[in-house]
Amino acid sequence: MRHNGRAPLKASQMRPEHLSLRENEPVLVVCPDCATWHRLKRSMILPHRDGVPVQRTKRRYFGDKPSGGRRCDGSAQRVVIDITPEEWTERLLAAETTAAGRRTARPVRKPRAVVPTSVHRMVSMPGPSARLLAAQLEARNDVNWHRKVCGVCKTGRARCPIGRELEIRMGHTDATVRLAHEQHESALRAAAAPTIPRAQQWRRVASGVNRVDERRRKQPAYDGPQESRPVPLAPKNTEAHDRRQAELGKQYARKNAGTAA
C-alpha cells in the first residue's frame with residue numbers, strides 16, 4: 001500500500017464519533033474525503049472508491065479490470081492512533097453528554113395511549129400503507145447501497161457503526177410491515193368466521209329446556225330418579241362392622257394417651 005503524500009492524521013485531533021477503537025473489533029475511521037467508514041491497515045486507510053460514477057473503460061490487457069469508479073483521494077491516508085481505547089471512550093461519552101445538553105428544555109408531551117380497535121371494527125382495518133412500504137423499500141436500498149461502497153461491510157465479516165444502524169432500522173421497518181400484515185389477516189379471518197346471533201342460538205335449545213323444566217315441576221322434590229341405584233343405609237355385615245369400630249376406638253384411645261404423656 002502506497003502513502004498518498006498527505007500529512008498523517010492524529011486520532012487525538014479527530015472527532016470521537018469518527019473513530020472506533022472498540023475491543024475485539026477492527027480499528028475503523030471515517031475517510032476525510034468521502035465520509036465513509038473504512039478499516040486501517042498498517043496505520044493507513046484501505047483503498048476505496050468515492051462512489052462518483054465514471055465511464056467504464058475497456059480492458060487494456062488480459063487480467064486488467066475495467067474501472068468501476070473513481071479512486072477516493074482519502075485512500076492510503078495515514079492515521080496515527082495516539083490515544084488509548086479508554087481515552088477514546090471518555091471523549092465519546094463527553095461528546096454525547098455535550099450533545100444531549102444542547103437539546104431543548106421544552107417539555108415534550110407524551111402521546112395518549114392508543115385505544116385498541118374493537119372486534120366489530122377490525123374488518124375495516126387496512127393493510128400496510130403505501131408510506132410504510134416506501135419506508136421499508138428505502139431502508140433496504142440504503143443497506144444495499146452502503147454495502148457496495150463501504151469497505152468493511154462489503155466483506156461480510158464485520159459491520160461498521162453506520163452499517164449496523166442501517167441494518168437495525170431495516171429490521172424495525174420489516175417488523176412493522178409484518179405486524180401490519182398479520183393484523184390485517186387476523187381481521188379478515190375474524191370477519192369470515194360464521195357468527196350466530198344469541199337469539200338464534202336460544203331458539204335452537206328453547207324447546208329442550210322447556211321440556212326439562214316441565215318434567216322437573218311435575219316430579220315431587222322427595223322422589224329420586226327411578227334409574228338410580230338405592231343408597232345403602234345399613235352395613236352388610238353388622239358383626240364385622242362392630243369389630244372394626246371397636247378396633248378404631250382402641251387405636252384412638254392409645255393415640256390420645258401417648259399424646260397426653
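In which sense do strand 4 and strand 5 pair, and over how many bridges? In this predicted model, strand 4 and strand 5 (residues 44-45) pair in the antiparallel sense, over two bridges. The tour starts from this pairing.

**The sheet**

Select Lys 41 and Met 44. Met 44, in strand 5, is the bridge partner of Lys 41. Next, select the connection between these strands. Strand 4 and strand 5 form a hairpin with two residues between the strands, and Arg 42 in this hairpin takes a positive phi near 60°.

Turn now to the other partner of strand 4. Strand 3 (residues 28-30) pairs with strand 4 in the antiparallel sense over three bridges. To follow the register, select Leu 28, which stands opposite Arg 39 in strand 4, and then Val 29, which stands opposite His 38 in strand 4. Strand 3 and strand 4 also form a hairpin, here with six residues between them. Select Ala 35 in the turn of this hairpin, where phi is positive, at about 60°.

Display the complete sheet next. It is an open sheet of four strands, in the order 2-3-4-5, with antiparallel pairing. Strand 2 (19-20) and strand 5 stand at the edges; each has a single partner strand, so one side of each is left without a neighbour in the sheet.

**The positive patch**

Keep strand 4 in view and select Arg 39, Lys 41, Arg 42 and Arg 157. These residues form a positive surface patch. Arg 39 lies in strand 4 (residues 37-41). Is Arg 39 buried, partly exposed or exposed? Arg 39 counts as partly exposed because its relative accessibility is 34%, and partly exposed covers the range between under 20% for buried and over 50% for exposed. Two members of the patch have already appeared on this tour: Lys 41 as the bridge partner of Met 44, and Arg 42 as the residue with a positive phi in the hairpin of strand 4 and strand 5.

**Salt bridges between helix 2 and helix 4**

The structure holds six salt bridges. Begin with Arg 140 and Asp 174, which form a salt bridge whose closest N and O atoms are 3.5 Å apart. This pair links distant parts of the chain: Arg 140 is in helix 2 (residues 130-149) and Asp 174 is in helix 4 (residues 161-192), 34 residues apart. Compare the accessibility of the two ends. Arg 140, at 38% relative accessibility, counts as partly exposed, whereas Asp 174 is buried, with a relative accessible area of 16%.

Next, select Arg 169 and Asp 142. Their closest N and O atoms are 2.4 Å apart in a salt bridge. Here too the pair links distant parts of the chain, with Arg 169 in helix 4 and Asp 142 in helix 2, 27 residues apart. Arg 169 counts as partly exposed at 37% relative accessibility, and Asp 142 counts as partly exposed at 27%.

**A salt-bridge network**

For the last stop, select Glu 167 and Arg 159. Their side chains meet in a salt bridge, at 2.5 Å from N to O. Glu 167 is partly exposed, with a relative accessible area of 24%, and Arg 159 counts as partly exposed at 26% relative accessibility. Which residues are linked with Arg 159 in a network of salt bridges? Add Arg 147 to the selection: Arg 147, Arg 159 and Glu 167 are linked in such a network.

How values were computed
Residues numbered from 1 in each chain as written. Predicted model: local features only at pLDDT ≥ 70, side-chain atom pairs only at ≥ 80, totals over all residues. Heavy atoms only, no water. Patch = residues over 30% accessible without salt bridge, like charges linked within 9 Å, V, L, I, M, F, W, Y side chains within 5 Å. Areas by Shrake-Rupley, 256 points an atom, 1.4 Å probe, with all protein chains shown as cover. Salt bridge = Lys/Arg side-chain N within 4 Å of Asp/Glu carboxyl O. Lys, Arg positive; Asp, Glu negative; His and termini not counted. Charge placed at Lys NZ, Arg CZ, Asp CG, Glu CD. Buried < 20%, exposed > 50% of the residue type's maximum accessible area, 1.4 Å probe, protein only. Pairing = 2+ DSSP bridges.
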